[in-house]
Structure formats: structure tokens, C-alpha cells
Amino acid sequence: MKVLITGGAGFIGSNFVNYMVKKYPNYQIINLDALTYAGNLENVKEVENEPNYRFVKGDITNRELVESLFAEGVDAVVNFAAESHVDRSITDPGVFVRTNIQGTQVLLDAAKKYGVKKYIQISTDEVYGTLGETGYFTETTPLAPNSPYSASKAGADLLVRAYHETYELPVNITRCSNNYGPYHFPEKLIPLMIINALNDQPLPVYGDGLNVRDWLHVEDHCSAIDLVLHKGRNGEVYNIGGNNERTNIEVVKAILRYLNKPESLITFVEDRLGHDRRYAIDATKIRKELGWKPKYTFEEGLKKTIDWYLENRSWWENILSGEYKEYYERQYGQK
Ligand code: NAD
């Protein structure tokens, strides 16, 4: 089986590339990634010399390039490539529409033209919008995205659905809650807080810190996608989540406790525009239908992740010294 993984130099994509290359030595894995600010080949260093792995630098909106890869005979596509950061979508929505929607359409067209056996769209629970204090997102919850990021992901999901309904393309859409784990880019909540705490810098927490996210270790996300790839019923959406709802402030305090750093490092900053209050996933369908079960509790996964950041300082120090530094100063007004 030849599997094209797009966005495989980013956080989740690289974890999935590493997982697939090692688990399926008989599969050919192609990683197509444009290497934007979020893409980093260090993330896939552990498999770069494996005979069943190949990296191609390129943009998913480049129809010619994408078609040339499909013409080699791709059996399955897993599309992770995306602009993924909500804050960046608030200041610059255009690139989100281009990559997340137009890029998806290019991949769908190629998948249709070359008759792939499976197309998986990696989506997000954020397409469902926000929840009150109770309730869960199920696969039938209406889409109600609130940020330009989630709107672009919802737009892509609707195209994927339409290519199944119209052309019978064998698709699945997965909608996962917030991931954490190794190779997570420092702009996201958990790595940002770990790194700032390690550097004894203020930990910027949005609003009152009571926004709730439902956390899943990235390895558990990978095992769920693996099941969908091999056993998912065509045309179905699968929600993925581990029932680990935590307020942001709980997560930040847990990190400080583990690192033995004072809570006085926490600074509340102006809330994100349109900040969704609560996400929570009902993953009954994938558990029952495909037999998926997460491996990590949040506490175990968080400790393992913090240990990874402690052991891989040079990975994040390289990122901090580059273009990201300017972004951070713009976003939080501090050095
Ligand atoms: P990321 O930002 O870490 O990685 C995205 C990758 O896509 C990068 O390697 C980047 O170089 C690449 N890319 C961007 N534009 C591209 C283009 N035009 N052509 C080719 N490659 C391009 O993102 P992530 O957190 O790993 O998320 C991966 C996917 O999972 C996204 O689709 C995201 O919507 C989804 N998702 C993320 C989470 C989460 O918690 N991070 C949760 C649910 C779903």
C-alpha cells in the first residue's frame, strides 16, 4: 500500500509519519509538506533513512505537483496539511482559505482522477463551534465554526462530504479534540507553558483561564487514524477524543506543579477574539464501531510530554531563536 501523508512535517502529521513508517515496513509512505513556519524536518528525523519513507517538499495547492504524485499510484491519502493556529487565522484569514479549503479541493480532485481507495480528511472538533457547561459534540452536531480557522476546516469538510455524495469518493473525516505530545510547535498552549515555565518567563493565559479543552495524546490520535484508514466505513465521520476535559488554568497549574515552578508566573492576558468556551467530544462511535481505545490518561500523557520537552531542549530552542520570536513578541507584547 502506498500512503500519501500531507503536512507530515507538522506536529500531528510527523507523529503519524513516524508511527506509520515503523508500524508498516511494507507500506510506502510519502510525506508531502510545504515546510511553512510550522513544518520541521527534525520532527521526522527518526525515519528519514528508512527505505519505505520519502519526503517531497511542496504545496498541496500545486495541482501539477499533486497530480504527479498521484500518477505514481497512491492507494490512500491522509490530509493533515493545514494552517492550524486560531490566533494566526484572526490576523490573516486568507492563507487559511487557500491551504485548508483550496488545498483540500486539489487533493480531492487528484484522488478522484486517480481512483484512490481511501481519502482521510483530518478535521477538528472546532468545526462544531462551542458548548455550554454541559453536552458533547457527536458526529451529527451541526457545524457552527466561530474562527476563520475552524470555518476553513468546516469548508473543507463539506467539500469532502460532497465528493463522497457526488462522485462516491471513498472518504472519511475525523474530528479530533486538542492534541498534545512531542514535536508540538511552541505557539500552542501546552508547549508554550512548558517552555515559558522552564525559562522562568510569564505564562500568558487568555481571559479568566476557564475555557475548557478536551485533551488527547497525539499517539492516541495516530492509533485512531490507523483504524479509520484500515476499517473506516466510507463516507463516515468519526469523532476522536479521550474524555479529558480540563480548564486552561488547570492545565497550566499541572505543568507548574510538575516542574516545581511557582504559580506567580501565571499572567492573565486579554482574551482571544471569539474564544470558544468549551469543547468536549463524544467518541462513542469510533470506540464501538472500530474498537478504538486511548492508551494514556491525561496525567500520564502530560508528564511524558513535559519529560520530552526537558530531554529535547535543542529542538525547541532552535524554533525559539527563529522567526517565531517575532511572532511571540507581536502576540504577547513581551520578549
Ligand atoms: P501544524 O501546524 O503543526 O502542521 C501543519 C503542517 O502542514 C506543517 O508541517 C506545514 O508545513 C504543512 N502545510 C501548511 N500549509 C501547507 C500547504 N499549503 N501545503 C503543504 N503543506 C502545508 O498542525 P497540526 O497541529 O499538526 O495539525 C494537523 C492537522 O490536524 C490540521 O489539519 C489540523 O486542523 C488538525 N487538527 C489539529 C489538532 C491539534 O490539536 N493540533 C486537533 C484536531 C485536528
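1. Helices and strands here are DSSP runs numbered from the N terminus, with at least four residues (H or I) for a helix and at least two (E) for a strand. With that in hand, the stretch 4-305 comes out as 39% helix and 18% strand, and its end C-alpha atoms sit 27 Å apart. That stretch is what UniProt lists, in an unreviewed entry, as "domain: NAD(P)-binding". Bear in mind that this is a predicted model.

2. On to the domains. The domain assignment splits the protein into domain 1 (2-179 + 215-240) and domain 2 (185-213 + 246-277 + 298-326). Taken over C-alpha atoms, the centres of domain 1 and domain 2 are separated by 25 Å. Contacts between the two involve 16 residues of domain 1 and 14 residues of domain 2. On the domain 1 side, the elements that give two or more residues are α3 (86-91) and β9 (212-217). It is α3 that makes the largest contribution to that side, with three residues. Sorted by class, this side of domain 1 has six nonpolar, seven polar and three charged residues.

3. Now the ligand. Among the 30 residues around it, those that come nearest are G7, G10, A38, G39 and A82. Two or more shell residues are given by each of α1 (11-23), α4 (94-113), β5 (118-124) and β7 (178-180). The largest share belongs to α1, which supplies three residues. As for class, nonpolar and polar residues stand at 13 each in the shell, with four charged residues besides.

4. Staying with α1 for a moment: K22 is placed in that helix. Is K22 buried or exposed? Neither, quite: it counts as partly exposed, because it has 14 C-beta neighbours inside 10 Å, and "buried" would take 20 or more. K22 is 262 residues from T284 in sequence, and their C-alpha atoms are 28 Å apart in space.

5. Helix α5 is worth a look. Its 20 residues should span 28 Å at 1.5 Å a residue, and the end C-alpha atoms are indeed 28 Å apart, so expectation and model agree. (The expected span is 1.5 Å times one less than the number of residues.) The buried residues of α5 are P148, Y149, S150, A151, S152, K153, A154, G155, A156, D157, V160 and Y163. What do these buried residues pack against? The partners are α3, α4, β5 and β6. Note that α3 also turns up on the side of domain 1 that touches domain 2, while α4 and β5 also give residues to the ligand shell.

6. What follows α5? The helix is followed by E168, which has a positive phi, near 55°, in a residue other than glycine. E168 belongs to the loop between α5 (148-167) and β6 (171-176). It is exposed, because 11 other C-beta atoms lie within 10 Å.

7. N260 also has a positive phi, of about 60°, although it is not a glycine. This residue sits in the loop between α8 (248-259) and β12 (266-269). N260 counts as exposed, since it has 7 C-beta neighbours inside 10 Å.

8. Helix α7 (residues 218-231) passes the length check too: its 14 residues should span 20 Å at 1.5 Å a residue, and the distance between its end C-alpha atoms, 20 Å, agrees. Its buried residues are V218, E219, D220, H221, C222, A224, I225, V228 and L229, with E219 and D220 in that list despite being charged.

9. Where is G241? It lies in the loop between β10 (237-240) and β11 (245-247). G241 is buried, because 26 other C-beta atoms lie within 10 Å. Beyond its neighbours within four places in sequence, G241 contacts D125, C176, S177, D214, L216, I281 and A283. V127, 114 residues away along the chain, has its C-alpha atom 14 Å from that of G241.

10. Finally, E187, which is found in the loop between β7 and α6 (189-198). E187 counts as partly exposed, because it has 18 C-beta neighbours inside 10 Å. Which residues does E187 touch, not counting residues up to four places away in sequence? These are H85, L192, Y324 and Y327. Q331 is 144 residues away from E187 in sequence, and the two are 9.9 Å apart in space, C-alpha to C-alpha.

Note on methods. Residues numbered from 1 in each chain as written. Predicted model: local features only at pLDDT ≥ 70, side-chain atom pairs only at ≥ 80, totals over all residues. Near = placed C-beta within 6 Å. Domains from an automatic or database assignment. Contact = placed C-beta atoms within 7 Å. UniProt positions renumbered as here; feature names shortened; annotations may be inferred. Buried ≥ 20, exposed ≤ 12 C-beta atoms within 10 Å, placed from the backbone.
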